[in-house]
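Me: Please take a close look at a single part of this structure, the setting of its acidic side chains, and work through it residue by residue. I would like one connected account that keeps the reasoning visible.

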Amino acid sequence: QKHFDACQKCRHVIRIAALLSLSAASIGETPESLFRRGVESFRKEDWQGAIESWQEVERSGRSSGELYYNLGNAYYRAGGIGKAIIYYERARELMPRDREVRQNLELARMATVDRIERPVRLIVWNWVDKVRDSVSLFELSRVVFVTGILAAAAVAFWLFGPLSLRRRLRLASVGVILVYILVLGWYAWRSMLDSNVRAVVLEAKVDVFSAPDSAATQVFTLHEGTEASERDAIAGWSHVVLPDGRAGWLPSQTVERI
């Protein structure tokens, strides 16, 4: 459990404290003071106190990857595996290359009861997924913006630049445009994947039914921390699909969206 030692948190405490402004929170405290109160609670092993303080920061609108990471740690220590996974996943979306976030997420997943068999895939596709998710959607949007400007400049240069320079820089112009198309496709791919609603089970045990009705046939049971795709929601029921293809309906209040 070395990833949860207090010294491991110092870097994240400093980083998040630097991000917090002095705007007033709803209870009259600043986000900075709320975060510091959460840090003190965490150091005293008052996990619930840390959670309450950091969630006040979140409700004030001062969210960040570091804040989500620390909330995940507090929930993990408090025994809330489902919430821990949710906040680690949220932190990973904002800090996709942070090794501690990935490691702690895997530790939390190992503490779950359900073992969902995923479809067998070629190793190359796992590598593709790793590269695809190594950059956050926000970072990709910045790259798309910059490469778009460069591509537009390349097109303008190709149309109106001196003929002698156009010949010399032909390959460079084509390369810039191809990079823009590649990055734009990458961004569209990530946007499509991120639009899929993912949810985590929060109840210790929940029955899944064949229809949105507790009188329907029970098809299987899930436990806290299990992740699934939420495909539909109706009248207080959510339709979820597991990575192994199993699907069913469960009460919406038993899951939370990532």
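Reply: In this predicted model, the side chains of E58 and Y87 are joined by a polar contact of 2.9 Å. E58 belongs to helix α3, and with a relative accessible area of 18% it falls under the 20% cut-off, so it counts as buried. Setting aside neighbours within four places in sequence, the residues in contact with E58 are S63, L67, Y68, L71, Y87 and R90, so that Y87, the polar partner, is one of the residues on that list.

A second buried acidic residue is D114, which sits in the loop between α6 (99–110) and α7 (123–132). D114 has no salt bridge, and the nearest side chain of opposite charge, that of R246, is 6.6 Å away. Since a salt bridge requires the nitrogen and the carboxyl oxygen to be within 4 Å, the distance of 6.6 Å to R246 does not qualify. What does the side chain of D114 reach at 2.7 Å? It reaches the backbone nitrogen of H223, while a polar contact of 2.5 Å joins the side chain of D114 to that of T226. Beyond four places in sequence, D114 touches T221, L222, H223 and T226, a list that includes the partners in these two polar approaches, H223 and T226.

E227, by contrast, does take part in a salt bridge, in which the closest N and O atoms of E227 and R109 are 2.8 Å apart. This pair links distant parts of the chain, with E227 in strand β4 and R109 in helix α6, 118 residues apart. E227 counts as buried because its relative accessibility is 17%, whereas R109, at a relative accessible area of 24%, is partly exposed. Another bridge joins the side chains of R132 and D133, with an N to O distance of 2.9 Å; R132 is buried, with a relative accessible area of 12%, and D133 counts as partly exposed at 26% relative accessibility. Elsewhere, salt bridges that share partners join E89, R92, E93, E106, R109, R198 and E227 into one network, and the pair of R109 and E227 thus has its place among the residues of that network. A search of the whole structure finds 19 salt bridges.

Helix α2 offers a pair within a single element. There E32 forms a salt bridge with R36, the closest N and O atoms being 3.2 Å apart, and because these residues are four places apart in the helix, about one helical turn separates them. E32 is partly exposed, with a relative accessible area of 21%, and R36 is likewise partly exposed, at 49%. Neither residue appears among the buried residues of α2, which are P31, L34, F35, G38, V39, S41 and F42. Viewed down the helix axis, these buried residues fall within an arc of 165°, so they line one face of the helix. An α-helix has 3.6 residues a turn, so residues three or four places apart point the same way. The length of α2 can be checked too: at 1.5 Å a residue, its 13 residues (31–43) should span 18 Å, and the end C-alpha atoms are 18 Å apart, which agrees.

E45 follows α2 and lies in the loop between α2 and α3 (47–59). Its phi is positive, about 65°, although E45 is not a glycine. With a relative accessible area of 55%, E45 is exposed, because the threshold for that class is over 50%. E45 and A78 are 33 residues apart in sequence, and their C-alpha atoms are 9.2 Å apart in space.

The surrounding chain gives these sites their context. Its secondary structure comes to ten helices and seven strands, and 39% of its 258 residues count as buried. Of the contacts between residues at least 6 apart in sequence, 57% join residues at least 24 apart. The acidic residues followed here therefore differ in setting: E58 is buried at 18%, while E45 is exposed at 55%.

Definitions and conventions. Residues are numbered from 1 along each chain as its sequence is written. This is a predicted model: local features need pLDDT of at least 70, side-chain atom pairs count only at pLDDT 80 or more; totals for chains, interfaces and linings use all residues. Side-chain values use heavy atoms; hydrogens and water are left out. Helices (H or I, at least four residues) and strands (E, at least two) are DSSP runs, numbered from the N terminus. The expected span of a helix is 1.5 Å times one less than its number of residues. Buried means under 20% relative accessible area, exposed over 50%, partly exposed in between (1.4 Å probe, protein chains only). The arc is that of the directions from the helix axis to the C-beta atoms. Lys and Arg count as positive and Asp and Glu as negative; His and the chain ends are not counted. A polar contact is a pair of N or O atoms within 3.5 Å; within protein, one must be able to donate a hydrogen and the other to accept it, and residues adjacent in sequence count only if both atoms are side-chain atoms. Contact means heavy atoms within 4.5 Å.
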